[in-house]
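User: Got a minute to go over the pockets and cavities in this one with me? I'll put it up here.

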Amino acid sequence: MKIKSKLPDVGITIFTIMSKLAAEHNAINLSQGFPDFDAPDRLIELVVKYMRSGFNQYAPMEGIPELRSQIAAKVKKIYGADVDPDKEITVTSGATEALYASISAVVNPGDEVVIFEPAYDSYKPAVKLNGGIPVFIQLKFPEYRIDWNEVTEAVSSRTKLIILNSPHNPTGTVLSGKDINSLRELTHNTDILIISDEVYEHIIFDGLTHASMLRFPELAEKSFVISSFGKTYHTTGWKIGYCIAPEILSTEFRKIHQFLTFASNTPVQYAYADMMKEKSYYNNLAIFYQKKRDKFISCLEASGLRVLPCSGTYFLMVDYSAVSDESDYTFAERITTEYGVAAIPPSAFYNKKQDDKVLRFCFAKKDETLEKAAEILCRL
């Protein structure tokens with residue numbers, strides 16, 4: 001059978017590859033971004049409650065009203081933004097679906113889309129599947145900062161969309177006030193739209209403030225803001241995210257969403273809604289993960305690895321150049337198979353496989369997991 005691939009240069013994701021390798025070699029999996037601890041007991045109780053109460057059929061396409069109302073209340077409380085839960089919030093089957101739907105809603109053949117590298121690996125394929133042209137701009141190593149002069153030079157009359165991600169996966173950097181001012185200036189009086197991937201919005205450290213597009217009305221009015229319950233409630237396998245966008249953008253977004261998944265898990269939506277009513281669980285999330293970040297960094301002090309700054313997410317970028325001159329993929333594979341700790345090689349997040357001799361480790365793990373992994377890494 002002959003099939004002309006729509007994505008001929010795309011293989012299996014690096015997350016699948018490294019998690020499979022970790023399982024095969026019984027390695028500590030610090031590669032794929034999921035916790036090894038469970039969700040809050042109360043949240044699980046709520047899901048069971050709604051399952052046993054008969055809430056097991058299709059939810060409304062846009063998400064249950066109770067959850068959308070709670071999202072709107074949270075956005076008002078944290079970011080000071082008024083969003084219409086009926087017309088501007090859509091619940092999705094994970095943030096990756098929301099990313100695909102938002103890209104599909106506005107990108108037409110020939111449109112250019114600015115993507116900052118290293119980039120979460122779903123951006124480029126979604127752009128290409130919709131006939132768009134990815135325009136790649138590398139974040140400046142080792143700070144992984146945006147060079148806005150470079151962005152300005154890359155923008156053209158064909159630029160439809162800029163994709164931002166803060167806190168940033170895989171680097172752990174966050175947008176600053178200067179970044180926001182530059183973005184405002186760049187997009188002012190243009191038709192350029194923004195996708196703001198904010199799934200780690202509540203995991204930001206050292207007293208920094210998350211620069212959500214929702215804080216800035218002139219940016220919010222041209223943005224799809226995407227977030228995820230999985231990162232906040234330690235439930236990545238439940239795959240519930242959401243998109244906030246002005247009505248004109250949400251209308252187009254929902255046209256795509258309804259033919260991707262139509263609706264998302266009903267009892268889980270009700271459980272999240274109740275959890276949000278009962279407790280602002282996200283209030284202590286930054287403190288919780290900052291302790292884990294600091295714990296892991298402290299445990300790595302005796303190693304030959306150099307930890308790069310991490311201001312958000314639950315990922316740590318580590319420079320291994322003093323330990324090995326192997327490519328990041330080769331080194332990641334070797335420490336998984338020979339030492340028993342799996343990491344992600346960030347070259348997978350570049351269009352042209354940039355290799356800065358760093359690895360990405362996930363520290364959303366129990367303390368004993370981090371201690372055991374660090375003990376092994378200190379022997380490299």
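User: What volume of space lies in the largest pocket?
Analyst: About 1100 Å³. Keep in mind that this is a predicted model.

User: Which residues lie nearest the centre of the largest pocket?
Analyst: Thr 13, Phe 15, Tyr 120, Asp 121 and Ser 122. The full lining of that pocket runs to 47 residues.

User: And which element gives the largest share of that lining?
Analyst: That's α1, with four residues. The elements supplying at least two residues each are α1 (14-24), α4 (95-106), β3 (112-117), α5 (123-129) and α9 (229-232).

User: How do the lining residues of the largest pocket divide into nonpolar, polar and charged?
Analyst: You get 23 nonpolar, 15 polar and nine charged.

User: OK, next one. How much space lies in the second largest pocket?
Analyst: About 360 Å³. It has 24 lining residues, and Glu 143, Tyr 144, Arg 145, Thr 173 and Val 174 are the closest to its centre.

User: Which strand gives the largest share of the lining there?
Analyst: Strand β5 (residues 159-165), which puts in three residues. By class, the lining of the second largest pocket has 14 nonpolar, seven polar and three charged residues.

User: Switching to closed spaces: how many cavities of 30 Å³ or more does the structure hold?
Analyst: Three. The largest cavity has a volume of about 50 Å³, and the second largest holds about 40 Å³.

User: Which elements each supply at least two residues of the lining of the largest cavity?
Analyst: α3 (65-79), β7 (223-228) and β8 (241-244). Among the lining residues are Lys 74, Glu 198, Glu 201, Ser 227 and Tyr 242. The class split for the largest cavity is seven nonpolar, two polar and three charged.

User: And what lines the second largest cavity?
Analyst: Its lining includes Lys 74, Ser 227 and Tyr 242, and those residues also line the largest cavity. Others lining the second largest cavity include His 202, Phe 229, Met 276 and Tyr 282. By class, that lining comes to five nonpolar, four polar and one charged.

User: Last topic, the largest nonpolar core. Which residues touch the most other members?
Analyst: Phe 296 and Phe 361, in a core of 118 residues.

User: What is Phe 361 in contact with, leaving aside its neighbours within four places in sequence?
Analyst: Phe 296 is one of its contacts. The list also includes Leu 30, Tyr 314, Phe 315, Ile 335, Val 341 and Leu 377.

Key:
Residues numbered from 1 in each chain as written. Predicted model: local features only at pLDDT ≥ 70, side-chain atom pairs only at ≥ 80, totals over all residues. Heavy atoms only, no water. 1 Å grid on protein atoms, 1.4 Å probe; cavity = no way out; pocket = protein on both sides within 12 Å on 5 of 7 lines; lining within 4 Å. Points joined across faces, edges and corners; volume = space filled by probe spheres on them. Nonpolar A, V, L, I, M, F, W, Y, C, P; charged D, E, K, R; others polar. Core = buried A, V, L, I, M, F, W, Y, C linked by side-chain atoms within 4.5 Å. Buried < 20%, exposed > 50% of the residue type's maximum accessible area, 1.4 Å probe, protein only. Contact = heavy atoms within 4.5 Å.
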